[in-house]
Amino acid sequence: FAQDEIQVAEHPVLASVRECFLRNQAYTENNLLTVEKYIATPILISGVERNCAIATDRSSSKGRPNGLCGNNFWIADKKTVLAATKVLKPPTISNILAMEAPKIGACTGKCPYEREEIRFILASAITGFSAAVTETKSVNPDFRTVIHTGYWGCGAYGGNRELMSLLQLIAACCAEVDVLHFHSGGDNEPYEKAVGILEQIMGSEGGMNEADISLEDIISQLLRRNYHWNNSDGDGD
């Protein structure tokens, strides 16, 4: 029960998106990928009805001591899952940004991140966040772009929580996102460290647009910090 399954469970109409595209002859399987030939191709889906909310947090009193994410969903009984599900009447509306994080791949153990991997993550996040900003402004130039995110790619994909937080913060600055809501799931330390490191990199004054520093310079600084991949937790992202 990873992020994509959760989203489809809460937004049932998403289950028909792929079939809808494939019925249109202008689209093929390859048009629906979020990564093509190692190039990030995020997808925005707006105006999606959210018909229920499923609580996946840890709660011993409610029969889910380890939460409902990943493999914990499969071992939970029907009663526990139903108790964690709240029907939303009327449904709320979600705007979903689908972008894929890189996987740990064939690396065994905690291997260091390489420049191309960090560059790809930044490109994915900047592309996706910029698309969200563009779409928001196309609806109303006065609307703020608010993005909810978390430890993207840090479950089954084995991403480093501190680095992935930091790269999303940098991407949000580059894309001029107005508000970035970060959901840490109770593990605040990696995100808080990332915020501190970003302040060190950019200096205490001025923002990303004002700083005389390139993304390649930032990547070089991150490489010097010697971030390593984590092992996959097997639970999905």
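Leaving aside residues up to four places away in sequence, Val133 touches Thr145, Ala175, Glu176 and Val177. This comes from a predicted model, so every value here is computed from predicted coordinates. Val133 sits in helix H5, and with a relative accessibility of 12% it falls under the 20% cut-off, so it counts as buried. One of its partners, Val177, lies 44 residues away along the sequence, yet the two C-alpha atoms are just 6.5 Å apart in space.

Another of those partners, Glu176, has a quirk of its own. Its phi is positive, about 60 degrees, even though the residue is not a glycine. Glu176 belongs to the loop between H6 and strand S6, which covers residues 179-183. A relative accessible area of 49% makes Glu176 partly exposed.

Stepping back to the whole chain, the protein has eight helices and six strands. Read along the sequence, these elements come in the order α-α-β-β-β-α-α-β-α-β-α-β-α-α. Of the 237 residues, 36% count as buried. The protein exposes about 13,900 Å², and carbon and sulfur atoms supply 51% of that area. Contacts across long stretches of sequence turn up too: among those between residues at least 6 apart, 76% join residues at least 24 apart.

Now for the helices. H6 (residues 161-175) packs with H8 (residues 215-224) at an angle of about 165 degrees, and their axes are 13 Å apart. Because of that angle, H6 is roughly antiparallel to H8. The way H6 passes H8 is a right-handed crossing. On the H6 side, the residues that meet H8 are Leu163, Leu166, Leu167, Ile170 and Cys174, while H8 brings Leu215, Ile218 and Leu222. Sorted by class, this contact holds eight nonpolar residues, with no polar and no charged ones.

H6 also packs with H7 (189-202). Here the angle is about 50 degrees, and the axes are 8 Å apart. H6 and H7 are therefore oblique to each other, and their crossing is right-handed. From H6, the contact uses Arg161, Glu162, Ser165, Leu166, Leu169, Ile170 and Cys173; from H7 come Pro190, Tyr191, Lys193, Ala194, Val195, Ile197 and Leu198. The mix of classes is 10 nonpolar residues, one polar and three charged. Two H6 residues, Leu166 and Ile170, appear in the contact with H8 and in the contact with H7.

What about H8 itself? Its buried residues are Ile218, Ile219, Ser220 and Leu222. Their cover includes helix H5 (115-139), along with H6 and H7. Ile218 and Leu222, then, are buried and also take part in the meeting with H6.

The segment after H8 contains Asn226. Like Glu176, with its positive phi, Asn226 is a residue other than glycine with a positive phi, in this case near 55 degrees. Asn226 is partly exposed, with a relative accessible area of 46%.

One last backbone detail lies in a strand. The peptide bond from Lys89 to Pro90 is cis, with omega near 0 degrees. Pro90 has its place in strand S4, which spans residues 85-98.

Conventions. Residues are numbered from 1 along each chain as its sequence is written. This is a predicted model: local features need pLDDT of at least 70, side-chain atom pairs count only at pLDDT 80 or more; totals for chains, interfaces and linings use all residues. Side-chain values use heavy atoms; hydrogens and water are left out. Helices (H or I, at least four residues) and strands (E, at least two) are DSSP runs, numbered from the N terminus. Buried means under 20% relative accessible area, exposed over 50%, partly exposed in between (1.4 Å probe, protein chains only). Contact means heavy atoms within 4.5 Å. Accessible areas come from the Shrake-Rupley method with a 1.4 Å probe; for residues, only the protein chains shown count as cover. Axes are lines fitted to C-alpha atoms, for helices over the stretch in contact, and angles run from 0 to 180 degrees between N-to-C directions. Angles under 35 degrees count as roughly parallel, over 145 as roughly antiparallel, 65 to 115 as roughly perpendicular and the rest as oblique. A crossing is left-handed if the near helix is turned anticlockwise from the far one by less than a right angle, and right-handed if clockwise. Ala, Val, Leu, Ile, Met, Phe, Trp, Tyr, Cys and Pro count as nonpolar, Asp, Glu, Lys and Arg as charged, and the others, Gly among them, as polar.
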